[in-house]
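Me: I am new to this structure and would love a close look at one part of it. Could you walk me through the sheet and the side-chain pairs around it?

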Amino acid sequence: MRLNKPTAVMPLLLAAFLVGCGSMQYTQYTGAQQAWPTIAGSLPDAHYAIPVYRGWPDQPYEIIGTIVFSNPNITWNEGDVEAAAKTAQNQGGEAIVMRYSRGLGLSVDAATDPAGTLSETDRPTAFVIRFE
């Protein structure tokens, strides 16, 4: 049986796609709450299930958890942000803050790296928050 080129290539494309995929993981934050950073005049993206901040919010909040991909090398697309927002909402979150993170230490915005401070251990993270 002779396969045409599109039929023969499809399994290879599917395998390449699946290798790049990863699952999202929600982890509840159990540490002490702090005076987390805020920035006056921040503007959330409101077209998701809950607001999505690309920088720190402008009002006090508590972090209740984080959402990351199991594979730290995956970059987020808009569908991933939507899935994270829905996951956060299901966990009682009122918004998410998209950041690069090494845990809960301060880090740069997920969209930019103005100080050139990203390292191999930084990974895109959605911090799940509730406002105080």
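Reply: Happy to help; here is a tour that starts with the sheet, moves on to the helix beside it, and then turns to the charged and aromatic pairs. Please keep in mind that this is a predicted model.

Let us begin with the sheet. It is open and built from 5 strands in the order 1-3-5-4-2, with mixed pairing. Strand 1 (24-28) and strand 2 are found at the edges, and each has a single partner strand, so one side of each has no neighbour in the sheet. Further in, strand 4 (residues 95-101) and strand 5 run antiparallel and are joined by 7 bridges. If you would like a spot to look for on screen, find S101, which stands opposite R123 in strand 5. In general, the strands of a sheet pair through backbone hydrogen bonds, and they can do so in parallel or antiparallel fashion.

Helix 2 packs on this sheet and touches strand 1, strand 2, strand 3, strand 4 and strand 5. The direction of helix 2 makes about 125° with that of strand 4.

Now for the charged side chains. Side chains of opposite charge can pair when their charged atoms come close. The structure holds 4 salt bridges, and one of them is formed by R54 and E78, at 3.7 Å from N to O. This pair links distant parts of the chain, 24 residues apart: R54 sits in the loop between strand 2 (52-53) and strand 3 (61-69), while E78 belongs to helix 2 (residues 78-90). Both partners are partly exposed, R54 with a relative accessible area of 33% and E78 with 44%. R54 and E78 also belong to a network of salt bridges that includes D45.

Helix 2 has a salt bridge of its own, between K86 and E82, whose closest N and O atoms are 3.7 Å apart. These two residues both lie in helix 2 and are 4 residues apart, about one turn of the helix. K86 is partly exposed, with a relative accessible area of 44%.

Back in the sheet, the side chains of E62 and R130 form a salt bridge at 3.3 Å, N to O. E62 is in strand 3 and R130 in strand 5 (residues 123-131), so this pair ties together parts that are 68 residues apart in sequence. E62 is partly exposed at 25% relative accessible area, and R130 also counts as partly exposed, at 30%.

The last stop is the aromatic rings. A search of the whole structure finds 4 aromatic pairs. Among them are Y29 and W36, whose ring centres are 5.9 Å apart and whose planes meet at 70°, so the pair is edge-to-face. Y29 is buried, with a relative accessible area of 18%, and W36 is buried as well, at 9%. Y53 and F131 also form an edge-to-face pair, with 6.3 Å from centre to centre and 70° between the planes. Y53 lies in strand 2 and F131 in strand 5, so these rings tie together parts that are 78 residues apart in sequence. Y53 is buried, with a relative accessible area of 5%, whereas F131 counts as partly exposed at 22%. The reason for that contrast is the cut-off: buried means under 20% relative accessible area.

Methods:
Residues are numbered from 1 along each chain as its sequence is written. This is a predicted model: local features need pLDDT of at least 70, side-chain atom pairs count only at pLDDT 80 or more; totals for chains, interfaces and linings use all residues. Side-chain values use heavy atoms; hydrogens and water are left out. Buried means under 20% relative accessible area, exposed over 50%, partly exposed in between (1.4 Å probe, protein chains only). Rings of Phe, Tyr and Trp (its six-membered ring) pair if their centres lie within 6.5 Å; planes under 30 degrees apart count as stacked, over 60 as edge-to-face and the rest as tilted. Two strands pair if DSSP finds at least two bridges between them. Contact means heavy atoms within 4.5 Å. Axes are lines fitted to C-alpha atoms, for helices over the stretch in contact, and angles run from 0 to 180 degrees between N-to-C directions.
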